[in-house]
Each structure stands twice: as structure tokens, then as C-alpha cells.
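Grab a pen and work through a few short exercises on a protein model. Try each task before you read its solution.

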Amino acid sequence: MKNLFGKPRPDLLSRCDPDIENQARYALGGYPGVLNGFYLVSSTICKTRDQDLLNDGFSSFPSGHATYSWAGMVYLALFLAGQFGVLVPWMPYLRQDKNQIHDGGSFPLTGARHANGTSSRTPTHAATETAKPAAPPLPSLLLLLIPICVAVYITSTRYSDFRHHGFDIIFGALMGTAFSFFAFRLYHRPVVRGG
């Protein structure tokens, strides 16, 4: 996509080091009588001879760092949410199979079954709706925020280093998030019932 769009990076002028004094010689068109000459120039105006550096200056959209970091970190956050049974809104549930008791997470509890159908590991508060916790545990939520913070840090450094425009980063982050949701849904159960 970067080669298809060819959007210039914010630091393109520092990569190019244009020959400003002789800009009329490189002109392809423009308005010479406006503002001391407004020219559309060719890329031969660049004094730099590093062609790879110059070509990379025209690959701003979309941000690859934003796409990859958001794809990986959102996938990790979804995976951790599934493994720890962290849901928003918080909806723990109990499902009793033959020998397993699920408490909302991915790891079932096993225990000895009694004749009346109860288990020695059954949580005592799980039978009533009012005894359920109102929100997921705070450490679990903080654990899920760590990958998101890493993705925000990576994308913000691309902006602060003048490698991408804001729209390039936002589009890359949205694209990576969409890819991660698709990949997670392809290989895992929905987070609503544990990963």
C-alpha cells in the first residue's frame, strides 16, 4: 500500500535537501509570478544521492509500525481477556458439565462430585445473582491495558519523530485493530465466554 499511495513523510525535505537556488531549472509547472515563484518540481531537485532514503520518504501512508503494533497488542489483550475471563461489562457465569465447573474463565475447575450433584470446589457465592462481583478485578484490567499502552507508545513515537502524519497513524492503528479482531475470532472462541 505504501508504494501504491506514495504519500510524502513529514521529514521529506530533510531527506531530499533540495537545491532551492536553482528551483526554476527543475520546474515541471507552477506559477512563477506568484509569491516569488511557486513551482511544481521533479524529484531531481534533491541533492541527496541515497535513493533508498529518498524513496522511503514517499512511503508515509499507512504507518506500518502502527498497523503491526496495534494488530499484535490488541490480539494479545484479547487473548489475555479470554484466558483470565475478563469481560466488560463483567458477566461471570457458571456452567456445570459432567466433571467441570466453569466460573467465566478459560480454565475449568475440577473437583470431587457428590451424589447430590454438587462439587467440593463449587464456589459458595455462585448460586445467587446478587453475590456476583460488580466488575472484573482491577489487576486483570490493568494487565489488559499494558499491551494497549505499548501500542500507543509505539505509534506516538512515529508521530514525534516526524515519520508519519497523524492520519497515517490513525488509519494504521484502525487497520491493525481490525486485523487482530478478525484473526482472534478466526482462531479463538469469543471473549464473552472466555478465550
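Below are three exercises, each with a worked solution.

Before you start: this is a predicted model, where local features need pLDDT of at least 70, side-chain atom pairs count only at pLDDT 80 or more, and totals for chains, interfaces and linings use all residues. Residues are numbered from 1 along each chain as its sequence is written, and side-chain values use heavy atoms, with hydrogens and water left out.

**Exercise 1.** Work out which classes of residue line the second largest pocket.

*Solution.*
- Start with the volume, which is about 220 Å³.
- Next, find the centre: of the 13 lining residues, Leu13, Pro18, Ile20, Val41 and Ile45 are the closest to it.
- Finally, sort by class: ten are nonpolar, three polar and none charged.

**Exercise 2.** Find which residues form the nonpolar patch on the surface.

*Solution.*
- The members are Phe84, Leu143, Ile146 and Val150, and together they have about 330 Å² of accessible area.
- Now take Val150: its relative accessible area is 35%, so it is partly exposed (buried is under 20%, exposed over 50%, partly exposed in between; 1.4 Å probe, protein chains only).

**Exercise 3.** Is His65 buried, partly exposed or exposed, and how far is its C-alpha atom from that of Thr155?

*Solution.*
- His65 has 41% relative accessibility, so it counts as partly exposed.
- Then check the distance: the C-alpha atoms of His65 and Thr155 are separated by 6.7 Å, though the two residues are 90 apart along the chain.

Note on methods
1 Å grid on protein atoms, 1.4 Å probe; cavity = no way out; pocket = protein on both sides within 12 Å on 5 of 7 lines; lining within 4 Å. Points joined across faces, edges and corners; volume = space filled by probe spheres on them. Nonpolar A, V, L, I, M, F, W, Y, C, P; charged D, E, K, R; others polar. Patch = residues over 30% accessible without salt bridge, like charges linked within 9 Å, V, L, I, M, F, W, Y side chains within 5 Å. Areas by Shrake-Rupley, 256 points an atom, 1.4 Å probe, with all protein chains shown as cover. Salt bridge = Lys/Arg side-chain N within 4 Å of Asp/Glu carboxyl O.
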